[in-house]
Amino acid sequence: MKKKAQRAADMVSCAPRTCLYFSIGINIFLAIFVSVLAIYFNTLDKETVENKDVPKPSTNIAQKLLQANVSLVGDLQSSVCFNCDYLGENVNTNETLYDDIYTTDRQNKLCCLKDTAIQEFIRAIQNEDNHIGNANSVSDSFHWWRARPCAAHLYLDRKKSISKENKLRWVASDLFGTAFTKNIDLQNATHLQIKQSGNYFIYSSTTFDHSKDIYVETFYQSLTKFHPLLPRTGDVDLVFSKFGGSKTSDKHHTNFLAGVFELQRGYLISSSLSQSAHNFLDQSNQVNNYIGLFKL
């Protein structure tokens with residue numbers, strides 16, 4: 001508990017560069033988690049390690065990994081692990097934001113974060129035992145997250161996800177206390193208004209499901225800024241992406257956009273989709289779609 005409290009204190013008062021690295025790590029973790037929500041959760045199944053390269057979900061990560069003859073160093077009881085072969089064969093833990101890297105008997109790599117709060121959060125949103133009894137515990141664990149000055153983290157409004165201007169609509173509340181705004185205003189459910197000038201790390205993750213379609217059409221998404229005092233400039237793209245348009249395009253895709261930008265007081269930040277993209281939003285879980293920012 002003391003270690004967790006110290007980590008929380010460090011996150012609130014960390015230097016800008018440290019905060020940036022940590023938050024980028026957190027959001028990369030969230031993006032990876034959302035895109036493989038049905039596959040990855042804290043473990044490898046024994047059959048998976050022996051016969052396949054992709055982990056299956058399970059709850060008892062330490063026991064399952066031991067049964068799978070995975071080379072382990074350390075305690076996995078409070079870890080969240082992901083397949084990380086993409087990092088290469090010779091990657092070391094000190095070269096990443098992970099706490100441990102393990103190798104299976106098939107030479108697949110697992111990268112793990114030792115974070116009980118994140119583990120409890122994943123268990124809660126998966127609603128494993130058809131109950132949400134640990135919601136308060138998760139909310140308490142993320143106090144440091146909500147305590148960051150000039151910050152916000154919002155989830156897609158699943159009741160009305162898009163505006164007439166094709167802007168995604170957001171809500172600043174969730175059951176587990178991870179959604180919030182602090183010194184940031186949410187206007188018309190579509191725009192985050194900057195109240196203090198400075199450099200901001202802005203991120204968004206949006207998941208699309210084309211599983212019922214033969215062809216994935218081309219669509220576009222952007223993070224934009226707009227200033228009411230500069231109406232003629234209109235929306236200015238901060239980050240822009242294109243997806244689809246190919247027979248080989250993934251039927252289930254998570255679009256993660258992020259960057260660091262200098263913003264003046266009054267700017268409005270929003271996420272825009274091309275005309276029909278909202279029809280393919282995957283809203284099966286609240287954490288599939290989110291936006292956030294914080295001042296460095």
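**Disulfides, a helix and an open sheet in a predicted chain**

C84 and C111 are joined by a disulfide, with an S to S distance of 2.0 Å; a disulfide here is a pair of cysteine sulfur atoms within 2.5 Å. The pair links distant parts of the chain, 27 residues apart, with C84 in the loop between β1 and β2 (100-103) and C111 in strand β3. Helices (H or I, at least four residues) and strands (E, at least two) are DSSP runs, numbered from the N terminus. The link of C84 and C111 is right-handed, with 80 degrees about the S-S bond. Both C84 and C111 are buried, where buried means under 20% relative accessible area, exposed means over 50%, and partly exposed lies in between (1.4 Å probe, protein chains only).

A word on the basis of these values is useful here. The model is predicted, so local features need pLDDT of at least 70 and side-chain atom pairs count only at pLDDT 80 or more, while totals for chains, interfaces and linings use all residues. Residues are numbered from 1 along each chain as its sequence is written, and side-chain values use heavy atoms, with hydrogens and water left out.

How many disulfides does the structure hold? There are 2 disulfides, and another joins C81 to C112 with an S to S distance of 2.1 Å. This pair, too, links distant parts of the chain: C81 lies in strand β1 (residues 79-83) and C112 in strand β3 (residues 109-114), 31 residues apart. The link of C81 and C112 is right-handed, with 110 degrees about the S-S bond. C81 counts as buried because its relative accessibility is 3%, and C112 counts as buried because its value is 0%. A further cysteine, C150, is buried as well, with a relative accessible area of 2%.

Seen as a whole, the protein chain has 7 helices and 14 strands. Of its 296 residues, buried residues make up 51%. The accessible surface of the protein chain comes to about 14,800 Å², and 49% of this belongs to carbon and sulfur atoms; accessible areas come from the Shrake-Rupley method with a 1.4 Å probe, and for residues only the protein chains shown count as cover. Among contacts between residues at least 6 apart in sequence, 69% join residues at least 24 apart, a contact meaning heavy atoms within 4.5 Å.

Helix α5 comes next. It spans residues 116-126, and 8 of its 11 residues are buried, so α5 is largely enclosed by the rest of the structure. The buried residues of α5 are A117, I118, Q119, E120, F121, I122, A124 and I125. At the N-terminal end of α5, D115 acts as a cap: a side-chain oxygen of D115 lies 3.1 Å from the backbone nitrogen of I118.

The strands offer a second theme. An open sheet is formed by 5 strands in the order β7-β8-β13-β10-β11, and the pairing is antiparallel; two strands pair if DSSP finds at least two bridges between them. Its edge strands are β7 and β11 (236-243), each of which pairs on one side only. Neighbouring strands of this sheet are turned by 20 degrees against each other on average, direction ignored, with axes taken as lines fitted to C-alpha atoms, for helices over the stretch in contact, and angles running from 0 to 180 degrees between N-to-C directions.

Towards one edge, strand β10 (residues 219-226) is joined to β11 by 7 bridges, and the two run antiparallel. T224 has D237 in β11 as its bridge partner. At the other edge, strand β7 (residues 184-187) and strand β8 (residues 191-194) pair in the antiparallel sense over 4 bridges. Here D185 stands opposite Q193 in β8. The hairpin of β7 and β8 has 3 residues between the strands, and N188 takes a positive phi near 55 degrees.

H191 belongs to strand β8 and counts as buried because its relative accessibility is 16%. Leaving aside residues up to four places away in sequence, H191 touches K167, D185, L186, L268, I269 and S270. The side chain of H191 also makes a polar contact with the side chain of T190 (2.7 Å). A polar contact is a pair of N or O atoms within 3.5 Å; within protein, one must be able to donate a hydrogen and the other to accept it, and residues adjacent in sequence count only if both atoms are side-chain atoms. In strand β2, D100 makes a side-chain polar contact with the side chain of Y102 (3.3 Å). D100 counts as buried at 13% relative accessibility.
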